[in-house]
Every structure is written in C-alpha cells, then in structure tokens.
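Trainee: Could you take me through one part of this model slowly, please?

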Amino acid sequence: MSEAAADAALPATRRGTRSRAPSGRAARWHERLIELGLAGAGFTSILVTIGIAGVLIYESAGFFREVSLAEFFGETEWTPLFADNRHFGVWALVSATLTTTALAMLVAVPLGLLAAIYLSEYAAPRTRKIVKPALELLAGVPTIVFGYFALTVVTPTLQPWVPGLSGGNMLAAGLVMGFMIVPMIASLSEDAIYAVPQSLREASSGLGGGKLETIRRVVVPSAWSGIAAAMTLAVSRAIGETMIVAIAAGSQSNFSFDPREPGQTMTGYIVDISKGETPTGSLEYQTIFAVGLLLFVMTLVMNVISHRLSRRLRAQTRA
Amino acid sequence: MRHPIDLTANRSGLLAERAFVWVCRLGALVPLAVLAWLLARVTADGIGRVSLSFITDPPSQLDAAAAGLGPALLGTLWLIGLTAIIALPIGVSAAIYLEEYDRRSKLSAIVELAISNLAGVPSIVYGMLGLGLFVRALALGESVIAGALTLALLVMPIVITASREALRTVKDSLREAALGLGATRWQTTRQVVLPMALPGILTGAILAISRAIGETAPLVVVGAVAFIMYGPDGVDAPYTALPMQIFQWTSNPKREFLTNAAAGILVLMATLLVLNGFAIWLRNRTQARRT
C-alpha cells in the first residue's frame, strides 16, 4: 500500500462513510514497516555509541601491545615521533589538558553562575530578552574563531602584563576557552535555578530574608545539584575542546602546569598528527587512538556524573 | 532615631544587595564585552580583504593577497548538503520513534541515555570514529562523503533533541482526536503531529547545520585537505572546508595569511548569522502564532 493510499484513508474515515476494512491487512503491514524504520533510526544512537567505543578500543589495542600501560600512565615524556628514544608518557599531554581546563573553569564558573543568577533573579524581562540571545550568540561562535582570537589578540594583549609568556601558551587558550563555556554554564544553571519552587523563595522572604540572603541560603543551595551538573558538563567540554588549544597553546608536548608555557593537550596532539601524513597501522597512527580513548573515557566519566547530578535535581524539585 | 542599629543594618544590607546585583550583572556583561572585542578585532583585521574575488578565488600558498575561499566554500556547501540529507531524516525519524511510538519503554530509556552521552562526546572523537569507520574500514577515503557522514553523526543528537521537543509541544488531545477518528499511528503522526511540530523541527535543523558549518576538529581528523585548487566534483572527491581553510591560514607562519584568516572568519560568521537569524525568526513567528 502506497503512502498516497494511506493518506486517502484518513479523509474516508473522517467522512465516516466507508470502512477501511478491505485494506486493513496491507495497512497493518505498512504501519509495521514504518515503525520498524523509525525504530531503526532510533537505534542509530546506540550503534554510534558502540561504534565510537569499538573503533577506539580496536585501534588502540595495537598500540598497547607495543607500549605498556605502565609506560603510558607512568612516564611524563611524550615523544612518539622521534626516530629513537621514543617515549609514550601521556602525562605530558594530560598536564596541558588539565591546565587549560582548570583555567577555563576559573573563568567560566564564577561568570556563568553570576550570569545565571542575574538572568533568573534580577534581570527585567526586557533585559533578559536581549542578554539571553546575546549569550547564545557567544556559544554559537565556532571554536576556530576563538582560536584565532586567543592567538592573535589575547596573547599579544597579555604579553606586556605576564612576564615570560610565550607565543603559544596555555594561559590565553584556557582563558578564551573559559569565555566560550560561560553561556553553557549560565544556561544550564539558570534552568536549575528556575526549577527551584517559588514557594521556597516566598517562605524565605516571609521569614524576613532579604533577596540576597534568599539567593545565597535558599535558591543556590536548592539548585546546587543542577549547578554542579552544569559545571561537570563544562569540564567535559573543556577537556574535549580542540581548536582553541591546537591553535593557541603551542604544539610541543611539555609536562608542565605553568600556564605561561606552551603545552600540547590530548586534543591538540590528535590534530597535530592528523594534519600530517601518518601511514595507517603505524605506531604513530595508533597513538592518536590511544589518546582518543583516554579522552573519550575522561569525558564519559564527566558526562555520567553530570547526568546523575541533574537526575538528582529533578527528583528533588519534584518532591 | 529610636532604632539606629536596625536602620544601619538595613542600609548596609541594601548596599550589599545593590553591589551583588552589579556583580551578577557583570557576570553576564563581561562575556558579552569579550564577544564584542572579538568581533571588533576580527572585523578590523579582515574587512579589508573581503571582496567578491576573495570569496570565489582559489587559495594560494605563496601570495596571501591573491588567495581566496572558492574551493573551501564549495567544499562546505557539499559537506553541509550531504550532512543535512543524512542527518535530518534519521534524526527526525528517531525523534518520532521516541516520542510517538515508544514513550517510556525500557528500550527508549537506553536510546535516550545513548543520545545524552553522544551529545557530550567531544567533536574530535567523532572525527576518530569517522577515520576508523568511514575513511578506513568502509574505504571511503578522505572524501566529502566520509566527512559528511562524520558530521551527520556529530549533529544527530541536536536534531533528535530539538525534534523531540517540537513533537512534545503538540497537544495530546490532537493525537487522541485523530486516533479516535480511526487514523493509524502513522497517519496521526504524518498528518496531524508533524505539520504542527515542523517549525520547531526546522529550527533544530538549522541549529544542527550551523554547528556542522563551524566544526573544524573532526574534519582535520577525517582528512579534509589543507590545500586544494578546486571544489569537489562528486561525493568521493577530496575537499576542504571553510573552517579548515581558516585553520590553515591561521597556522601559516607568514603573517599576511592571518589577514586572510580574519577575512575567512568574517565570511563564516556572516553565514552563521544569517542562518541563526532565520532560526530565531522562525521560532518567534511560531511562538507568536501559538499564543
């Protein structure tokens, strides 16, 4: 039965004059087929999840046959491209990822949380209508643009103020990444604050609490699991952020937590190797999957924690 | 003054309150100021290079002033067209399945968990999936179609989430009315629910497409080439894309190429602005119609 016929069936029933019985069986098959197709589309998400894990594990298996886990997690030197004296200590990359992530959170958490409180508790509806889309605009800027900005604007601006700041540095990359993440924390925290029942606010001011006190002692603590979920998700986003660090943080691996120094993050390394011609199956090629697997696991853990936290918020506000 | 202490306490409380409002306001204003700074600097750096020939000319590795965006723009058009063709039908279908057919079953709970996790996977990891699966295992090579498939998987969670929200805004009474009149589930979905949810679904589609346009990291991994003189001539052709070209110019050691990068960014941002403006207009229009 064609779709046109299925369409024709509806007006017929609408008029209520003709029964659909003759085509009933065909219609049922048609319905089943469509449902199967839709279900198939639904399952792509599961397949993609399995696919990601599968590809990363499969490709890094070769790597971990050659390089021990003890070396991967135990050493602090990362020189897989050297002809001899190669080292595979992933800490040299993780240190840069952690440094830029910490800097980003230092910027994004206070600004994002304050912006959320402002938007949900203080801003007039008209201001809100302007500020919210403007923040969304900030979130929509492609990361390559932030990378350009960090490299050509922020680093030269910081150099006179921060002695010893190199051309590629983790400081500018981390700070700019923080601004990129503000809208995400602001919007998710605002949702959490918005979910706090109005009755709690009223009870607090009824007991004589001022607005500031109500926010500090009632609203923010009640929304806390949602705010924490937003922050965890932001950490995950910062760990996985690529173009800003690839452009502005420098491209030599460096086991250091000094933000003034250049540092290559896990994502930056993957980009760097991918830019060149790396033969399939070589150890260099496999390193990016090993690093990718670690990256995937780190972000997954953060995402799961965030998911749990936001579920807790939902359970709390419903109760 | 009978209660001087009370009054001062009150006044300092008021002052603290006012200061706090300002601190909160700064939380929103400082990021916006940074955005303004970024836009101003990029415009100042690049506006002089934007011209028709910049948009249509091929790139050049030697002469920054003669280089253009032609092949990159064509590549982006191919990439985005294919991504939309792949991601939209599958994403919308998945949303229909979850909202209209299988609400609250165990299975859909698993699908939902998968979607929310996928939304948090870094884009570069999608690139690695694309490299392992499309480029190597399926032997599609470093082609437009491999890039588009990768981007399609990347934006799928956005399409699904937005479509589900749009479907959820359709009142159940309408579904019940259609079903009560003897329409099947699919007839109800196609003729009653989908038309009403369409603007919301379209908004989500535009957001997904804008995300795909700006993505760089996965394309680097699945092998968009850094330098190419022509746009793609088929789904299996090598390609570059707008953000790839910007990335290449940004990392070029010659400083003149940074001007090109800024000009490229202006073209990219203008494209995104038009798309997002359209999405916002669509959203406002449907919200106005509903109320």
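Mentor: Happily; let us look at chain B. This is a predicted model, where local features need pLDDT of at least 70, side-chain atom pairs count only at pLDDT 80 or more, and totals for chains, interfaces and linings use all residues. Residues are numbered from 1 along each chain as its sequence is written, while chains are lettered from A and ligands numbered from 1 in the order in which they are written.

Start with the helices and strands: chain B has 11 helices and 0 strands. These are DSSP runs, H or I of at least four residues for helices and E of at least two for strands, numbered from the N terminus.

Now the overall form. The radius of gyration of chain B is 25 Å, whereas a compact globule of 291 residues would have one near 19 Å. That radius is taken over C-alpha atoms, and the globule rule is 2.2 Å times the number of residues to the power 0.38. Along the principal axes, the C-alpha atoms of chain B fill a box of roughly 80 × 70 × 35 Å.

Next, the domains. An automatic or database assignment sets the bounds: chain B has domain 1 (4-49) and domain 2 (55-290). Their centres, taken over C-alpha atoms, are 34 Å apart. In the contact between them, domain 1 of chain B supplies 6 residues and domain 2 of chain B supplies 6 residues; two residues are in contact if their C-beta atoms, placed from the backbone, lie within 7 Å.

Finally, contacts along the chain: of those in chain B between residues at least 6 apart in sequence, 76% join residues at least 24 apart.
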